[in-house]
Amino acid sequence: MKRTKAGHGAMALTGSLVARVERTEPDPGTTEHSDAEYDGVVERLLSQYRPETLWVFAYGSLIWNPEFDHIEQRAATAVGWHRSFCLKLTRWRGTRELPALMLALDRGGSCNGIVYRLPGHDHFGQLGQLMRREIDANPPTNVPRWIKVRTSQGPLRALAFVAATEGRAYAGRLPPEQVADTLARAAEHWGSSAQYLFRTVSKLEESGIRDRNLWRIQELVARQILAATSSEPGA
């Protein structure tokens, strides 16, 4: 993974290509965690580390849709972790019949992303909001963890969501072709997996970050969508 200047090379996957496969599926509406369980996750996190300043490391959808207030952001690198489509989803952007794949941090390598500094009040409530956004299955495979990140202004300790390799939803390290085949086809009530990929890669590029693996995957997804829809009327 390397940093590049924003706009260096054009994405093959475009908004118009994503629109060809965009759809929604009915939401089964299951919720596997109670409020007390979410509160328990936050309590455990704060028992491990109670920050004076709360930082959150974003590497995927939190970059383009953080859904929390923040007062500062910095470029950051998580060493010992890499961005990977290693989580299988049967809700949100995939179904049980056609599971999606979602990004998480997996062991090894490094990951360039963004750290957000959250307001100094109500860390419990802010973390609770994050848990409800990021954690679904019980027990979860996408788990919160305090990690060390590097920034140009020095090292920080930040909250990130990482893959539990023993979790039921852990898909492991898949070849780019298999990831692309899934992302080009899967969708649910939050929309398509192709849209998720497009927004993530676009925002990374806008932030001056090029992930070589994701760049390859977006090229493959664009190719698959073109092949699958080129004979459709208006394509």
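A residue counts as buried here when its relative accessible area is under 20%, as exposed when that area is over 50%, and as partly exposed in between, using a 1.4 Å probe and protein chains only. On that scale, buried residues make up 50% of the 235 residues in the protein chain. The model is a predicted one, so to speak: local features need pLDDT of at least 70, side-chain atom pairs count only at pLDDT 80 or more, and totals for chains, interfaces and linings use all residues. Numbering runs from 1 along each chain as its sequence is written, and side-chain values rest on heavy atoms, with hydrogens and water left out.

Now for the overall fold. Seven helices and nine strands make up the secondary structure of the protein chain; these are DSSP runs numbered from the N terminus, with helices being H or I over at least four residues and strands E over at least two. The radius of gyration comes out at 18 Å, close to the 18 Å that the globule rule gives for 235 residues, so the chain is as compact as a globular protein of that length. Both numbers need a word of explanation: the radius is taken over C-alpha atoms, and the rule is 2.2 Å times the number of residues to the power 0.38. Along its principal axes, the C-alpha trace spans about 55 × 40 × 30 Å.

Contacts (heavy atoms within 4.5 Å) mostly link distant parts of the sequence: of those with a separation of 6 or more, 81% are between residues 24 or more positions apart. As for the surface, the protein chain exposes about 11400 Å², and carbon and sulfur atoms supply 48% of that area; the areas come from the Shrake-Rupley method with a 1.4 Å probe, and for residues only the protein chains shown count as cover. There are 30 positive and 26 negative side chains, with the centres of the two sets 8 Å apart. Lys and Arg count as positive and Asp and Glu as negative, while His and the chain ends are not counted; each charge is placed at NZ of Lys, CZ of Arg, CG of Asp or CD of Glu.

No disulfides turn up, the count being zero, where a disulfide is a pair of cysteine sulfur atoms within 2.5 Å. The sulfur of C111 sits 11 Å from the closest cysteine sulfur, in C86, which is too far for a bond. C86 is buried at 0% relative accessibility, and C111 is buried with a relative accessible area of 0%.

Two buried residues show how the chain packs. Y38 belongs to helix α2 (residues 35–48) and is buried at 7% relative accessible area. Beyond its neighbours within four places in sequence, Y38 contacts H33, M131, R132 and I135; R132 is 94 residues away in sequence, yet its C-alpha is 7.0 Å from that of Y38. P144, in strand β5, is buried at 17% relative accessibility. With the neighbours within four places set aside, its contacts include V41, L45, M131 and I135.

The backbone has a few oddities too. Most residues other than glycine have a negative phi, and most peptide bonds are trans. N138 and P139, however, are joined by a cis peptide bond with omega about 5°, and P139 lies in the loop between α4 (123–134) and β5 (142–151). E67 has a positive phi near 60°; this residue is in the loop between α3 (61–64) and β3 (72–89) and is partly exposed at 44%. W92, in the loop between β3 and β4 (100–117), has a positive phi near 75°.
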